[in-house]
Amino acid sequence: MVALVLILLTGLVQVINSSAFNACSNCGNTAVPYPLSTNEDCGDKRYKVYCNNGRLEFLSATGTYYKILRIDPSANKLVITPPLIQKHTCYSSDLKMGGFVLDESLPFNISTHNTVMLFNCSDNILLSPLNCSSNSICRQFEEKVEEGSGCVDTLCCHFLKDSAMNSHKIRVRVGTCTAYTCLVDFKSSDPLDSWKYGIELQWLPPT
Ligand SMILES: *[C@@H]1O[C@H](CO)[C@@H](O)[C@H](O)[C@H]1NC(C)=O
Ligand SMILES: *[C@@H]1O[C@H](CO)[C@@H](O)[C@H](O)[C@H]1NC(C)=O
Ligand SMILES: *[C@@H]1O[C@H](CO)[C@@H](O)[C@H](O)[C@H]1NC(C)=O
């Protein structure tokens, strides 16, 4: 009887070790929950993230690293920092790469909780379903946030990036819009000082 229980327990421990407990060790002070993987020996390789000098980062399809701000493993979500808008310009730091682009073959997409603000847009953008009115929240960002100061008086817009929009890209380029930022779980009654900057990504749970 005791032997049987021991055999069962040993089996259980092995099952646990090979799945949930195969999490990677911390990156700096940041926990790296399963299935995220900082190296070959832990996590699930399809969920690759990078530990660069104690800073946990996500790599886009175009080779840009974005800092991971927080991770919610129970909801299969993580939030990355939007790129900075370069000083005295209205260019996002990832403009040359076309903005934020996810590799469609990987199990990540952009969740439906992101409100994207676009800046320095050309007139043709008005045709899409965006809020480019004078009371769009992008005006507040331009006028009250230091980072937005290079974009003052440009045509700007915001929109909820729901599934009707491509869930693998936040596109910017010269000739459409040249900068963007993004808020997670934004509600129209939220005052500027409570905005949560970030791009929330969701992952397909490992099978
Ligand atoms: C706005 O975009 C245009 C190209 O579409 C660019 O020439 C211009 O420098 C940009 N303005 C700022 C302030 O970055
Ligand atoms: C645009 O956004 C502002 C701020 O959230 C809102 O008050 C306004 O009703 C929106 N306009 C349109 C046309 O949706
Ligand atoms: C993003 O991925 C999640 C989890 O795989 C999925 O449930 C959701 O439908 C996807 N969203 C879009 C817009 O494709």
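Which residues surround ligand 2? In this predicted model, the answer is Asn-131, Ser-133, Asn-135, His-158 and Ser-188. Sorted by class, that shell holds five polar residues, with no nonpolar and no charged ones. One polar contact involves Asn-131, where an N or O atom of the side chain sits 2.3 Å from an oxygen atom of ligand 2. As for cover, ligand 2 has 360 Å² of accessible area on its own, and the protein covers 44% of it.

Ligand 1 has a shell made up of Cys-90, Tyr-91, Asn-120, Gly-150, Val-174, Gly-175 and Thr-178. Here the split is three nonpolar and four polar residues, again with no charged residue in the list. Polar contacts turn up at several of these positions. The side chain of Asn-120 places an N or O atom 2.3 Å from an oxygen atom of ligand 1. For Tyr-91, the corresponding side-chain distance to an oxygen of ligand 1 is 3.2 Å. Gly-175 takes part through its backbone, with a polar atom 3.2 Å from an oxygen atom of ligand 1. On its own, ligand 1 has 370 Å² of accessible area, of which the protein covers 57%.

Thr-176 follows on from this part of the chain. It belongs to the loop that runs between β11 (169-171) and β12 (179-184). Leaving out residues up to four places away in sequence, Thr-176 touches Asn-120, Cys-121 and Ser-122; Asn-120 is also one of the residues around ligand 1. With a relative accessibility of 18%, Thr-176 counts as buried, because the cut-off for that class is under 20%.

Now for the charged pairs. Side chains of opposite charge can pair when their charged atoms come close. The model has five salt bridges by the rule used here, and three of these pairs are described below.

What distance separates N and O in the salt bridge between Arg-55 and Glu-57? It comes to 2.8 Å. The two partners fall into separate exposure classes: Glu-57 is buried at 8% relative accessibility, while Arg-55 is partly exposed at 38%. A similar arrangement appears for Asp-44 and Arg-46, whose side chains meet in a salt bridge with an N to O distance of 3.8 Å. Asp-44 is the buried partner, with a relative accessible area of 17%, and Arg-46 is partly exposed at 40%. Asp-44 makes it into the buried class because 17% is under the 20% cut-off.

The pair of Glu-142 and Arg-139 is a within-helix case. Their closest N and O atoms are 3.5 Å apart, forming a salt bridge. Both residues lie in helix α2 (residues 137-144), where they are three residues apart, or about one turn of the helix. Glu-142 is buried, at just 2% relative accessibility.

A few backbone details deserve a mention too. Most residues other than glycine have a negative phi, and most peptide bonds are trans. Which peptide bond is cis, with omega near 5°? That is the bond from Tyr-34 to Pro-35. Pro-35 itself sits in the loop between β2 (30-32) and β3 (50-52).

Positive phi values show up at Asn-76 and Asp-153, neither of them a glycine. For Asn-76, phi is near 55°, and the residue lies in the loop joining β5 (65-72) to β6 (77-80). For Asp-153, phi is about 70°. This residue is found in the loop between α2 and β10 (157-160). Asp-153 is exposed, since its relative accessibility of 70% is over the 50% cut-off.

Is Glu-104 buried or exposed? Its relative accessible area is 54%, so it counts as exposed. Glu-104 is located in the loop between β7 (99-101) and β8 (108-110). Setting aside residues up to four places away in sequence, Glu-104 touches His-168 and Lys-169. Glu-104 and Ala-61 are 43 residues apart along the chain, and their C-alpha atoms are separated by 8.5 Å.

Technical notes
Residues numbered from 1 in each chain as written. Chains lettered and ligands numbered in written order. Predicted model: local features only at pLDDT ≥ 70, side-chain atom pairs only at ≥ 80, totals over all residues. Heavy atoms only, no water. Salt bridge = Lys/Arg side-chain N within 4 Å of Asp/Glu carboxyl O. Buried < 20%, exposed > 50% of the residue type's maximum accessible area, 1.4 Å probe, protein only. Helix = DSSP H or I, 4+ residues; strand = E, 2+ residues; numbered from the N terminus. Near = heavy atom within 4 Å. Polar contact = N/O pair within 3.5 Å; in protein donor to acceptor, adjacent residues only side chain to side chain. Areas by Shrake-Rupley, 256 points an atom, 1.4 Å probe, with all protein chains shown as cover. Nonpolar A, V, L, I, M, F, W, Y, C, P; charged D, E, K, R; others polar. Contact = heavy atoms within 4.5 Å.
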